[in-house]
Amino acid sequence: MRRQVPYGHPDFGKLIECPACDTLMKRRLGILDGFSSLRGDLLKCDFTHFRVVEGAQFAYEAAIAFARDPKGWLVLHGPNGSGKTHLAAAIALNLRAKGRPVLFMRVPDLMEFLRHAYDEESLYVRSVGESGSMNLLDRLETIRRAPVLVLDDLAAESDTPWVREKLYQILDYRGVERLPTVVTLNIGPNEWADKLGARVADRLGNRLIAKVIYNAARSYRQAQESDAAGGGA
Ligand SMILES: Nc1ncnc2c1ncn2[C@@H]1O[C@H](COP(=O)(O)OP(=O)(O)OP(=O)(O)O)[C@@H](O)[C@H]1O
Ligand SMILES: [Mg+2]
């Protein structure tokens, strides 16, 4: 919006954030925080509990840099158990501790959250004739515009056109607006088009916005299991 000031005023014609929309956005983010996937064991996944094992150095450094100054996109890919979710959670916890609004969503949880709105909305619209207080568009809009968004496990469940469309709507908006975003996924760039669709793959692979980092660490889960069994290398 523009402030109503006389011609010649320094703020004349300048675009400013609408205070009412800002308040609404904060309220919606608060509601969404209740659906955040950052809970349970993930609350312990901070940087201090991350061991910089062989292969994880670049991912660790990129995560630290993003948490220090969230700009652009950080796309972490690599094998199962290599610590991608741990680092994504560490970024979110670090930002949250500094008072920065951040939304951490596992993609399957996010899709559930959107699908639920869809069901609720269609039932509500049919029975009452108007949309509910936070319908699908509100939910999608809040996620698209979250000041910092962490999407964990992007490739999970991405095999339906509906999920691909929602991911595209979120990522395209955030790409155009250059909103800070972290993505983790366990498939590499050469599989993205096939598994996520060409449009999502194109956004993730846009090197002007996204820093794509391969976490080459071997599975920490398996390493721990073999250590526990006395077979650690
Ligand atoms: N370098 C590490 N230091 C400490 N803990 C780690 C490290 N890497 C992974 N872990 C722990 O190992 C477990 C698996 O890691 P995580 O879930 O981050 O893997 P992932 O790469 O996201 O795997 P997936 O592709 O299956 O989602 C978690 O409990 C995590 O905290
Ligand atoms: Mg993971």
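## Around ligand 1

Ala, Val, Leu, Ile, Met, Phe, Trp, Tyr, Cys and Pro count here as nonpolar, Asp, Glu, Lys and Arg as charged, and the others, Gly among them, as polar. With that in hand, the shell around ligand 1 splits into nine polar, five nonpolar and four charged residues. Please keep in mind that the model is predicted.

Which residues of the shell come nearest to the ligand? Of the 18 residues around ligand 1, these are Asn80, Gly83, Thr85, His86 and Tyr220. Two helices, helix 3 and helix 9 (220–228), each supply at least two residues of this shell. Helix 3 gives the most, with three residues.

## The chain as a whole

Let us step back to the full chain. Nine helices and five strands are found in the chain, and from the N terminus on they follow the order α-α-β-α-β-α-α-β-α-β-α-α-β-α. The C-alpha trace spans about 75 × 50 × 35 Å along its principal axes.

Of the 233 residues in the chain, 31% are buried. Contacts reach far along the sequence: taking those between residues at least 6 apart, 78% join residues at least 24 apart.

## The sheet

The five strands form an open sheet in the order 2-3-4-1-5, with parallel pairing. Strand 2 (103–106) and strand 5 stand at the edges with a single partner strand each, so one side of each is left without a neighbour in the sheet. From one strand to the next, the twist averages 15°. Helix 2 (residues 57–68) packs on this sheet and touches strand 1, strand 4 and strand 5, its direction making about 150° with that of strand 5.

Now for the bridges, walking along the sheet from strand 2. Strand 2 is joined to strand 3 by four bridges, the two running parallel; here Phe104 has Val150 as its bridge partner in strand 3. Strand 3 (residues 149–152) is in turn joined to strand 4 by three bridges, again in parallel, and Leu149 is partnered by Thr181 in strand 4.

## Strand 1 and its two neighbours

Strand 1 has a partner on each side in the sheet order. Five bridges link strand 1 to strand 4 (residues 181–185) in parallel, and five bridges link strand 1 to strand 5 (residues 210–214), also in parallel. Leu76 shows both pairings nicely: its bridge partner in strand 4 is Thr184, while in strand 5 Leu76 stands opposite Ile213.

Why is strand 1 described as largely enclosed by the rest of the structure? Five of the five residues of strand 1 (residues 73–77) are buried, so the strand is largely enclosed. Both of its faces are covered, with Trp73, Val75 and His77 buried on one side and Leu74 and Leu76 buried on the other. Strand 2 also has buried residues pointing both ways: Leu103 and Met105 point one way, and Phe104 and Arg106 the other.

## The nonpolar core

The largest nonpolar core has 48 residues, and Ala63, Ile91, Ala92 and Val150 touch the most other members. Helix 3 (residues 84–97) gives the most to this core, with eight residues. Helix 3 thus appears in two settings, this core and the shell around ligand 1.

What does Val150 touch? Leaving aside its neighbours within four places in sequence, Val150 is in contact with Ala88, Ile91, Ala92, Val102, Leu103, Phe104, Met105 and Val182. One of these contacts, Phe104, is also paired with Val150 by a bridge.

## Two residues with positive phi

The loop between strand 3 and helix 6 (161–176) holds Asp153, and Glu157 lies in that loop too. Asp153 has a positive phi of about 65° although it is not a glycine. Glu157, likewise not a glycine, has a positive phi of about 65°.

Is each of these residues buried or partly exposed? A residue needs 20 or more other C-beta atoms within 10 Å of its own to be buried, and 12 or fewer make it exposed, with partly exposed in between. Asp153 has 21 C-beta neighbours inside 10 Å, so Asp153 counts as buried. Glu157 has 17 such neighbours inside 10 Å and therefore counts as partly exposed.

Technical notes. Residues are numbered from 1 along each chain as its sequence is written. Chains are lettered from A and ligands numbered from 1 in the order in which they are written. This is a predicted model: local features need pLDDT of at least 70, side-chain atom pairs count only at pLDDT 80 or more; totals for chains, interfaces and linings use all residues. A nonpolar core is a set of buried Ala, Val, Leu, Ile, Met, Phe, Trp, Tyr and Cys residues joined through C-beta atoms within 7 Å. Two residues are in contact if their C-beta atoms, placed from the backbone, lie within 7 Å. A residue is near a molecule or strand if its C-beta atom, placed from the backbone, lies within 6 Å of it. Two strands pair if DSSP finds at least two bridges between them. Axes are lines fitted to C-alpha atoms, for helices over the stretch in contact, and angles run from 0 to 180 degrees between N-to-C directions.
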